[in-house]
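Here are my notes on this model, in the order I would raise them with you. Please read them with the structure open.

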Amino acid sequence: MAEMLEKIPKELLEPAPMNHGESEVISKPQLSFAKDAWLRVRKNKGAIISLVLLVLIILMAIIGPHLSHYNPETQNLSHANLPPRIPGLEKMGIFDGSQKIGGVETNVYKEQHLKDYYWFGTDGLGRDLFSRVWLGTRVSLYIAFLAAIIDMVIGVTYGLISGFKGGQVDNVMQRILEVISGVPNLIVVILMLLIMKPGILSITIAMVITGWIGMARVVRGQVLKLKGQEYVMASRTLGASNGRILIKHLLPNLSGVIIINTMFTIPSAIFFEAFLSFIGIGLQAPNASLGTLIEDGYKTFQFLPHLMIIPCLVICIILVACNLIGDGLRDAFDPKMRD
């Protein structure tokens with residue numbers, strides 16, 4: 001055995017030189033939390049497509065009423081209940097101004113000798129539905145962003161203070177929360193109608209009173225879980241103030257939960273406004289929202305389906321897009337979903 005070892009070259013028996021610099025190189029590049037979340041959101045095709053659709057709808061809500069040369073409030077009874085007619089597409093046999101009247105396909109524009117183009121048709125008062133749909137979308141998006149701001153300002157602040165203080169302060173704040181949550185939103189809106197006229201202001205006040213409760217409870221629960229972590233105790237030991245701990249340590253770790261819950265709050269707020277307008281205690285004529293347009297269109301749905309279908313499609317796209325974006329953000333911010 002010894003003779004066999006002597007025949008082996010010494011170079012093979014000597015350990016290979018180790019380059020300590022190369023052995024400590026990290027093979028996978030370091031990523032910040034935000035960049036890592038964005039890379040995972042980007043893999044979710046549904047969330048990306050929904051984000052693009054939502055951005056397009058927001059742009060149309062801003063510029064849509066100006067694309068049509070018809071005023072959304074101007075009435076023209078001679079052009080009432082016209083079907084959609086879009087230049088270019090009418091040559092393909094679609095959106096050419098035809099509708100069934102008495103079971104017979106009739107081109108209304110040709111019968112009335114109209115050269116106008118109403119892309120989404122007109123309502124019962126002859127108002128341009130295209131400009132009114134995007135004007136109504138603007139109101140619905142205002143409600144959505146208002147709900148998001150209320151959640152982030154009132155709900156997050158209330159939940160942070162309640163969960164961080166704990167003890168008697170938390171007990172009193174939660175009892176107040178239970179009293180407020182015991183009153184349904186619909187009842188609050190009806191009470192607002194006794195004080196002021198139905199409209200966007202009464203809906204806004206109702207949402208300010210009760211719209212932040214869910215976010216406050218979620219944030220409080222997360223703060224109760226995080227405030228006992230080692231990094232919070234270390235920061236407190238080093239003399240950090242309560243405000244610094246809340247802003248520098250707890251709030252960044254709650255950002256994922258806050259963003260996700262906000263994205264799920266937006267469709268709920270839009271549906272809430274549409275429901276109130278549909279039952280007649282939301283926006284009032286001549287103001288337009290997606291809820292009022294649906295309420296006007298369902299009455300003549302069998303004869304003029306476009307009056308209801310178009311605003312329903314817009315509100316469905318917004319609701320589905322917000323939910324899919326929320327699902328994508330939830331997966332992106334969940335550490336268990338990391339590769």
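1. **R127.** Start with R127, which is buried, with a relative accessible area of 8%. The model is predicted, and that holds for every point below. R127 sits in the loop between α6 (108-111) and α7. Which residues does R127 touch, beyond those up to four places away in sequence? They are P72, E73, T74, Q75, G121, T122, R132 and P286. Two of these names, E73 and R132, return in the next point.

2. **The salt-bridge network.** R127 is linked with E73, D123 and R132 in a network of salt bridges. Within the network, the side chains of R132 and E73 meet at 3.9 Å, N to O. R132 lies in helix α7, while E73 is in the loop between α5 (45-67) and β1 (98-101), so this pair ties together parts that are 59 residues apart in sequence. R132 also meets D123 in a salt bridge, again with 3.9 Å from N to O. Both distances fall within the 4 Å cut-off for a salt bridge.

3. **Burial in the network.** Which members are buried, and which are partly exposed? R132 is buried, at a relative accessible area of 2%. D123 counts as buried too, at 11% relative accessibility. R127 is buried at 8%. E73 is partly exposed, with a relative accessible area of 33%. The cut-off for buried is under 20%, so E73 at 33% does not qualify.

4. **A salt bridge between helices.** The whole structure holds five salt bridges. One of them joins D170 and R220, whose closest N and O atoms are 2.7 Å apart. D170 belongs to helix α8 and R220 to helix α11, so the pair ties together parts that are 50 residues apart in sequence. D170 counts as buried, at 9% relative accessibility. R220 counts as partly exposed, at 21%.

5. **Helix α10.** Look next at α10, residues 200-210. Its buried residues are S202, I203, T204, A206, M207 and T210. What covers them? The cover includes α7 (129-165), α8 (167-181) and α9 (185-195). It also includes α11 (213-226) and α13 (242-278). Helices α8 and α11, the two that carry D170 and R220, are thus both part of the cover on α10.

6. **L141.** Helix α7 also holds L141. L141 is buried, with a relative accessible area of 7%. Leaving aside neighbours within four places in sequence, L141 is in contact with I57, I58, A61 and I318. A61 is 80 residues from L141 along the chain, yet their C-alpha atoms are separated by 8.3 Å.

7. **The α14 and α15 pair.** Where do the axes of α14 (residues 290-297) and α15 (residues 306-333) stand to each other? They come within 8 Å and cross at roughly 145 degrees. The crossing is left-handed. On the α14 side, the contact is made by L290, L293, I294 and G297. On the α15 side, L307, M308, P311, C312, V314, I315 and I318 take part. The contact residues divide into 10 nonpolar, one polar and no charged. I318 of α15 serves in this contact and is also a contact of L141.

8. **N81.** Check the backbone at N81. Phi is near 55 degrees there, a positive value in a residue other than glycine. Most residues other than glycine have a negative phi. N81 lies in the loop between α5 and β1, the loop that also holds E73. N81 is partly exposed, with a relative accessible area of 28%.

9. **The whole chain.** What does the secondary structure come to? There are 15 helices and two strands. Of the 339 residues, 40% count as buried. Among contacts between residues at least 6 apart in sequence, 74% join residues at least 24 apart. The protein exposes about 19700 Å², and carbon and sulfur atoms supply 66% of that area.

Note on methods: Residues numbered from 1 in each chain as written. Predicted model: local features only at pLDDT ≥ 70, side-chain atom pairs only at ≥ 80, totals over all residues. Heavy atoms only, no water. Buried < 20%, exposed > 50% of the residue type's maximum accessible area, 1.4 Å probe, protein only. Helix = DSSP H or I, 4+ residues; strand = E, 2+ residues; numbered from the N terminus. Contact = heavy atoms within 4.5 Å. Axes fitted to C-alpha atoms, helices over the stretch in contact; angles between N-to-C directions. Left-handed = near helix turned anticlockwise from the far one by under 90°. Nonpolar A, V, L, I, M, F, W, Y, C, P; charged D, E, K, R; others polar. Areas by Shrake-Rupley, 256 points an atom, 1.4 Å probe, with all protein chains shown as cover.
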